[in-house]
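Colleague: Could you take me through this model step by step, with the reasoning behind each answer?

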Amino acid sequence: MDTLRKISMLAVVKLGIPEAELPQTVAKEVEMLGERISSEWTGIFSGCELYDRIKIDWSGGEWRFTPLIRTVYRSRWSTPHTLPAIKIKAGRTNDLGYPGGNLFLLPGRKIWIDDYEIGVEDRKVIFYGACSSTKIGTRTQLKATLSLSGDGNLLVMESKLFVENGLIQEDDEVEVQHWVRDTL
């Protein structure tokens, strides 16, 4: 079980509260925790089905997922270019639209993320929200988990859909994808 101190620090980091507003001793610990999260989670990963690679950044309580794609031009691969970043900030509903559906392995669906939880020790980030449902015409609850391997080189995205009573919809499968950190 996490201590109150650790839970409080994670909340401060997640909400992006400026260090200047914190007591000096707490500010240093929060800064170190933020740097740890950033160093472990920031990077470029390949293996995404809809993109060539994806760049993940974390800073000031905001996640930025930037799809990197290449196109074929005259039988040659072009220089990778980026699509607009998908941003998730704590403390508000983030309307990610269809790009969020692609990110969270649910192409063709709109995504809204309401909150996220960072598990520093177990190296997981859990995103909570909803997605548009093609089956029942309303929003369906979403829980998406990013898990980082012990060596930090493998990232697993897992998305689950839930109905109101908390059960996984029978018609939907749990979507899982493995992304590998680029070493370039």
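Modeller: Before we begin, helices (H or I, at least four residues) and strands (E, at least two) are DSSP runs, numbered from the N terminus. Please keep in mind that this is a predicted model.

Colleague: In which strand is Thr-145 found, and is Thr-145 buried or exposed?

Modeller: Thr-145 is found in strand S11, which covers residues 139-148. Leaving aside its neighbours within four places in sequence, Thr-145 is in contact with Lys-124, Val-125 and Ile-126, and also with Val-156, Met-157 and Glu-158. Buried means under 20% relative accessible area, and because Thr-145 has a relative accessibility of 9%, this residue of strand S11 counts as buried.

Colleague: How many helices and strands are there in the protein chain?

Modeller: The protein chain has 184 residues, of which 42% count as buried. Among its contacts between residues at least 6 apart in sequence, 39% join residues at least 24 apart. As for the elements themselves, the protein chain contains 3 helices and 13 strands.

Colleague: How are H1 and H2 oriented to each other, and how do the residues of their contact divide into nonpolar, polar and charged?

Modeller: The axes of helix H1 (residues 4-15) and H2 come within 10 Å and cross at roughly 70 degrees, and H1 and H2 are therefore roughly perpendicular to each other. On the H1 side the contact is made by Arg-5, Met-9, Leu-10, Val-12 and Val-13, and on the H2 side by Glu-29, Val-30, Leu-33, Gly-34 and Ile-37. The residues of this contact of H1 with H2 divide into 7 nonpolar, 1 polar and 2 charged.

Colleague: What does Val-12 touch, not counting residues up to four places away in sequence?

Modeller: Val-12 lies in helix H1 and counts as buried, because its relative accessibility is 15%. The C-alpha atoms of Val-12 and Gly-34, which are 22 residues apart along the chain, are separated by 9.5 Å. Not counting residues up to four places away in sequence, Val-12 touches Ile-17, Leu-22 and Val-30.

Colleague: Which helix gives the largest share of the largest nonpolar core?

Modeller: The largest nonpolar core has 43 residues, and those touching the most other members are Ile-37, Trp-63, Phe-65, Phe-104, Phe-127 and Trp-179. The largest share of this core, 5 residues, comes from helix H2 (residues 24-41).

Note on methods. Residues are numbered from 1 along each chain as its sequence is written. This is a predicted model: local features need pLDDT of at least 70, side-chain atom pairs count only at pLDDT 80 or more; totals for chains, interfaces and linings use all residues. Side-chain values use heavy atoms; hydrogens and water are left out. A nonpolar core is a set of buried Ala, Val, Leu, Ile, Met, Phe, Trp, Tyr and Cys residues joined through side-chain atoms within 4.5 Å. Buried means under 20% relative accessible area, exposed over 50%, partly exposed in between (1.4 Å probe, protein chains only). Axes are lines fitted to C-alpha atoms, for helices over the stretch in contact, and angles run from 0 to 180 degrees between N-to-C directions. Angles under 35 degrees count as roughly parallel, over 145 as roughly antiparallel, 65 to 115 as roughly perpendicular and the rest as oblique. Contact means heavy atoms within 4.5 Å. Ala, Val, Leu, Ile, Met, Phe, Trp, Tyr, Cys and Pro count as nonpolar, Asp, Glu, Lys and Arg as charged, and the others, Gly among them, as polar.
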